[in-house]
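The following exercises treat a protein bound to DNA. Each sets a task and then works through the solution step by step.

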Number of protein chains: 2
Amino acid sequence: MIEATAIDAVLRTLADPTRRAIFERVVSSDEITVVELTRGSGVTQGAISQHLKSLKQAGLVAERPEGRNVYYRAQPEGLAPLADWMSHYGVFWRERFANLKTLLEEIDP
Amino acid sequence: MIEATAIDAVLRTLADPTRRAIFERVVSSDEITVVELTRGSGVTQGAISQHLKSLKQAGLVAERPEGRNVYYRAQPEGLAPLADWMSHYGVFWRERFANLKTLLEEIDP
DNA sequence: AAAATACATTAGTAGATACTCATTGATTAG
DNA sequence: CTAATCAATGAGTATCTACTAATGTATTTT
């Protein structure tokens, strides 16, 4: 089955452990290059670039080329579809409040 | 790369659109049987059972056999690893508050 | 200019996985 | 008892995907 929704892209992208680890490292560091991400990753540089491409297409990271380096940084908005999905289908949260998103907006408008 | 953490199981399980749709239907209905889930799903009963097995192993659904029917219901706690992960790596949320989980516990202890 | 570095991309491959079809076990209906 | 229904499971298959290895393209260094 083929779907192309935002939540689909985000979940499929984060489902892979290697790719998720890359995302976590990007989040943890302000900006980080491909070589740095490659070091200690256990996979080749090519694999890292492929994963970054997926993350970029899912809207989870953004790039900033500078010279021969490319600096990657996390794109927080990319997680919004996941947050929305959680608020819709996350019974756990819905049981506690009517709508998590609404609550958050009330707290921090 | 092989990992067996809770967040890994949850994300991998929800990554598949068909399986996620099943989960969403289980969440929406209080309790639902396999035949009901099969109807309008576009896949066979066997496929549904296989997906339910995955969802069960991920802790996202629970079953209640009754006669020859098996009623499935959502298991809200199963989404906790995802919520935890969001609070750790969801920059979007972290930028707004130090820790989402802490906040939620303060509101509803 | 030549060598080196950073990154992207391609082709090819091995393994994962989502599916169908068929079968089985169990329960209920006629 | 027999037939029908519900669900789980196994075998087989086609597709997807994460990876390596190799190559290409810039850019920087020497």
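**Exercise 1.** Determine what share of the atoms of DNA strand D within 4 Å of the protein belongs to sugar or phosphate, and describe the protein surface near this strand.

*Solution.* Step 1: sugar or phosphate accounts for 67% of the strand D atoms within 4 Å of the protein, and bases for the rest. The model is predicted: local features need pLDDT of at least 70 and side-chain atom pairs pLDDT 80 or more, while totals for chains, interfaces and linings use all residues. Residues are numbered from 1 along each chain as written, chains are lettered from A and ligands numbered from 1 in written order, and side-chain values use heavy atoms, without hydrogens and water.

Step 2: 24 residues surround DNA strand D, and His51(A), Val35(B), Gln45(B), Ser49(B) and Tyr72(B) come nearest; a residue is near if one of its heavy atoms lies within 4 Å of the strand.

Step 3: list polar contacts (pairs of N or O atoms within 3.5 Å). Phosphate oxygens of strand D lie 2.7 Å from a polar backbone atom of Val35(B), 2.7 Å from a side-chain N or O atom of Ser49(B) and 3.0 Å from a polar side-chain atom of Thr44(A).

Step 4: H4(B) supplies the largest share of this surface, four residues. Helices are DSSP runs of H or I with at least four residues, strands runs of E with at least two, numbered from the N terminus.

**Exercise 2.** Identify which atoms of DNA strand C are approached by Gln45(A) and Gln50(B).

*Solution.* Step 1: a polar side-chain atom of Gln45(A) is 2.8 Å from a base nitrogen of strand C. Step 2: for Gln50(B), the partner is a base oxygen, at 3.2 Å from a polar side-chain atom. Step 3: for the backbone of Val34(A), a polar atom is 3.4 Å from a phosphate oxygen of strand C. Step 4: H4(A) gives the most to the surface near strand C, with four residues.

**Exercise 3.** At what angle do helices H1 and H5 of chain B pack, and which residues meet?

*Solution.* Step 1: H1 (residues 6-15) and H5 (residues 80-89) of chain B pack at about 105°, with axes 8 Å apart; axes are lines fitted to C-alpha atoms over the stretch in contact, and angles run from 0 to 180 degrees between N-to-C directions. Step 2: H1(B) is therefore roughly perpendicular to H5(B), a class covering 65 to 115 degrees. Step 3: Ala6(B), Ile7(B), Val10(B), Leu11(B) and Leu14(B) meet Pro81(B), Leu82(B) and Trp85(B), contact being heavy atoms within 4.5 Å.

Technical notes:
A polar contact is a pair of N or O atoms within 3.5 Å; within protein, one must be able to donate a hydrogen and the other to accept it, and residues adjacent in sequence count only if both atoms are side-chain atoms. Angles under 35 degrees count as roughly parallel, over 145 as roughly antiparallel, 65 to 115 as roughly perpendicular and the rest as oblique.
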